[in-house]
Amino acid sequence: MTRKMLVIDVAALSPAEVGPNTPELQRLAARGGLYPLREPFPSLTCPSHATLLTGSLPSAHGMIGNCLYSREYAKLFNWNRSSHLVAGTPLWEAARARDPRVRTANLFLRNCADSSCEIRVTERPVYWISGHKQFEFFAEPNALHAELVHKLGPFPFMNFWGPLSNIKSSQWVIGAALHVLEQSDPELLLVYPPFLDYDGARFGPEAPQVAAALAAMDSALAPLW
């Protein structure tokens with residue numbers, strides 16, 4: 001039987017935060033281990049995700065920031081989602097090379113669009129010719145979009161990042177992961193709930209709001225165990 005793996009990238013979580021405010025994570029660590037990661041430079045979201053998924057540094061995989069400048073088009077590309085921007089062999093392709101039966105679901109880790117993951121879900125605004133911007137998400141296979149909206153409601157895009165960010169978007173992402181587990185049971189499941197990243201930046205790491213955010217994130221993650 002193929003061994004299964006669940007990778008949850010909890011933004012801004014470090015071993016120092018795993019403690020009284022995170023009893024679920026503490027119990028999980030007690031069953032296995034707890035080790036610090038050496039972050040890449042620059043330690044931003046897109047370079048960090050690319051390093052996690054390829055095992056190489058930004059100098060090798062090419063994802064050197066959240067915003068990339070194209071000399072060809074003289075244009076800034078901010079938070080691009082295409083997997084073609086990342087060089088190297090991603091985790092799921094390395095796993096598939098060892099066992100062709102491995103199926104991967106990638107939920108919201110950066111640069112998962114156009115990837116060879118069998119299941120993909122990521123935020124993606126739609127820009128209409130009228131100039132209207134529609135907040136949406138992309139899902140592959142196509143039927144998964146309707147399934148997730150039916151089960152979880154519309155994706156709370158405005159709560160995913162920025163000044164209105166809160167735990168609602170991460171709860172939606174975790175709910176989508178549970179749905180994928182129940183319906184598809186992939187061998188490799190990648191999940192990115194970003195909530196913790198924001199209150200630490202807004203209030204400072206020692207603020208009471210951060211302790212509350214840790215407790216909320218810990219509770220939201222619990223169903224995945």
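**Close-up 1. A hairpin built from strands E2 and E3.** In this predicted model, Cys67 finds its bridge partner in E3 at Asn78. The two strands, E2 (residues 67-70) and E3 (residues 75-78), run antiparallel and are joined by 4 bridges. Follow the chain from one strand to the other and you pass through 4 residues that lie between them in the hairpin. One residue to look for in the turn is Ala74, with a positive phi of about 50 degrees.

**Close-up 2. The largest pocket and its centre.** Here we move to the largest pocket, which holds about 1700 Å³ of space. Its lining is made up of 40 residues, and those nearest the centre are Ile8, Asp9, Val10, Leu13 and Leu37. Strand E1 (5-8) and helices H1 (23-31), H2 (45-54) and H7 (196-203) are the elements that each give two or more residues to this lining. H2 provides the largest share, with 5 residues. Sorted by class, the lining of the largest pocket counts 25 nonpolar residues, 9 polar ones and 6 charged ones.

**Close-up 3. The second largest pocket, with helix H4 in its lining.** The volume of the second largest pocket is about 300 Å³. Its lining includes Thr2, Arg3, Lys4 and Met5, together with Glu187 and Leu188. Leu91, Ala94, Ala95 and Arg98 also line this pocket, as do Asp99 and Val102. Helix H4 (residues 91-98) contributes the largest share of the lining, 4 residues. By class, the lining of the second largest pocket divides into 6 nonpolar, 5 charged and 1 polar.

Methods. Residues numbered from 1 in each chain as written. Predicted model: local features only at pLDDT ≥ 70, side-chain atom pairs only at ≥ 80, totals over all residues. Heavy atoms only, no water. 1 Å grid on protein atoms, 1.4 Å probe; cavity = no way out; pocket = protein on both sides within 12 Å on 5 of 7 lines; lining within 4 Å. Points joined across faces, edges and corners; volume = space filled by probe spheres on them. Nonpolar A, V, L, I, M, F, W, Y, C, P; charged D, E, K, R; others polar. Pairing = 2+ DSSP bridges.
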